[in-house]
Each structure stands twice: as C-alpha cells, then as structure tokens.
Amino acid sequence: MSQNIIANKRIVKSKLQMAQTIILSLQQELATYIAEGSGPFLAAIYDDKGNLIAKAANSVVSENCSHNHAEMNTIKAAEKALGTYDLSPYNLSLYVTSEPCMMCLGGIMWSGIKAVYYGVPSKDVEKITGFDEGFKPDWFNEFKKRGITVYGNIEVEVGQKVLEDYIKKGKKVYKPERK
C-alpha cells in the first residue's frame, strides 16, 4: 500500500480507504481488460453511497480513436446511464488506475465529477510506457478552485507492475509521431 498519498484537500481516512480498495480492485481487474485488447488503464465512477455507476477501460487502439481513454469512456458511460451531460447533481467520484492525462483532466472538469482518486502518477506512467501525459500546469490547485477533490498516488506499486507487464508483453502504447 502506498504511503505517499497526495491531496488537494484534507485527507479523510474513510474516503482514502474506499479509494484504496477500489483502485486495488481496478488494478487487479485490468489484466482481464488488457487480455481482451484494452489499453493499460481502467476507470470507474461511483456515487456518494458507494454504488458503481460506470466502469470502462482505455480503448484507443482497439477502437482507433485517440480520445477513448479510460476516464473519457467512463464519463461517457456514466452520462449515458444517468441520461445527462451534467454529472454535477449526482456527487460522483472517479477512480482511475493512473493519474489522468491533460485531455482527461479537461473532460473530468467539464463533466461535473466532484472527486478524483488515482493510482500511478504521470511521471511513472511516462517512465514506464513512454506515453506523453501532456502539459498539466498546477492542475491540483486548479481542480481545488473548482471544488474538485483529488487524492493521488494510491496503490502505486501494484499499478506500476500492471504497466510494466503491459510493456513486457509487447502491447501497443499509442503515441502520435513527432518530427
């Protein structure tokens, strides 16, 4: 269990314990999703009563769509399940196996999600996979200003192992070609 939790708000032990349980479960489930062709990231959205609203994996490669990140797929599924583009009335939390990239941060902010809990930090994702997480200046505080709580670095070691195994298996990491 990671002991280097970071947050943009005072850490509430019960919320952290729930996040650790959910993220560990997502990390463990990810092997099945990867075997079925998904990318190495999985996200889930829960309501404030602990009910699962939506869960989805990264499907960029399998669906040939660069914005099909786990977070974006999960937000889309939650909006469909709840019949709305505005998730803010539902007091929802997003749990994700790794820190959201630049694109996903925008999607999270505009979706109405109230809290984000993530596993592996971007610096480790980039080091292990080579994926460019993007320019994310002071996003922790920007989310705090908008009332979005963030806890990070949850179950990092388990998540790092999942990413390392993904790379060792020769799975594709999508990256636009840069010249």
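What follows is a walk through this structure, from its sheet to its helices, loops and cavities. The model is predicted, so local features need pLDDT of at least 70 and side-chain atom pairs count only at pLDDT 80 or more, while totals for chains, interfaces and linings use all residues. Residues are numbered from 1 along each chain as its sequence is written, and side-chain values use heavy atoms, with hydrogens and water left out.

Let us begin with the sheet. Six strands form an open sheet in the order 1-6-5-4-2-3, with mixed pairing. Strand 1 (6-7) and strand 3 are the edge strands, each pairing on one side only. Strands here are DSSP runs of E with at least two residues, helices are runs of H or I with at least four, and both are numbered from the N terminus. Two strands pair if DSSP finds at least two bridges between them.

At one end of that order, strand 2 (residues 42-46) and strand 3 (residues 52-57) run antiparallel and are joined by five bridges. You can find one of these pairings at Y46, whose bridge partner in strand 3 is L52. Five residues lie between the strands of this hairpin, and among them G50 takes a positive phi near 90°. Strand 4 and strand 5 offer the parallel sense, again with five bridges. There, S98 has V120 of strand 5 as its bridge partner.

Strand 6 (residues 149-152) is a good place to look at individual residues, starting with T149. T149 is buried, with a relative accessible area of 13%. The word buried means under 20% relative accessible area, exposed means over 50%, and partly exposed is in between, using a 1.4 Å probe and protein chains only. Leaving out residues up to four places away in sequence, T149 touches N8, K9, K114, A115 and V116; a contact means heavy atoms within 4.5 Å. G152 lies in strand 6 too and counts as buried, at 0% relative accessibility. With neighbours within four places in sequence set aside, G152 is in contact with N4, I5, I6 and Y118. Between the C-alpha atoms of G152 and E126, 26 residues apart along the chain, the separation is 16 Å.

Now turn to the helices. In an α-helix there are 3.6 residues a turn, so residues three or four places apart point the same way. Keep that in mind for helix 5 (122-129), where the buried residues are S122, D124, V125, I128 and T129. They cover an arc of only 160° around the axis, which puts them on the same side of helix 5; the arc is that of the directions from the helix axis to the C-beta atoms. K123 and K127 are exposed, on the face turned away from the buried side of helix 5. The buried residues of helix 5 pack against strand 4, strand 5 and helix 7. D124 is one to look at closely: this residue of helix 5 is buried at a relative accessible area of 11%, and touches V156 and Q160, not counting residues up to four places away in sequence. After helix 5 comes G130, with a positive phi near 85°.

Helix 7 (residues 156-168) has 13 residues and reaches 18 Å from its first C-alpha to its last, close to the 18 Å expected at 1.5 Å a residue; the expected span is 1.5 Å times one less than the number of residues. Its buried residues are V156, G159, V162, L163 and Y166. They cover an arc of only 125° around the axis, which puts them on the same side of helix 7. Their cover includes helix 1 (13-35), strand 4 (93-98), strand 5 (115-120) and helix 5. G170 follows helix 7 and has a positive phi near 75°.

Two loop residues deserve a look as well. N64, in the loop between helix 2 (60-63) and helix 3 (70-82), is a residue other than glycine with a positive phi, near 50°. N64 is exposed, with a relative accessible area of 72%. N91, in the loop between helix 3 and strand 4, also has a positive phi near 50°, and counts as partly exposed at 35% relative accessibility.
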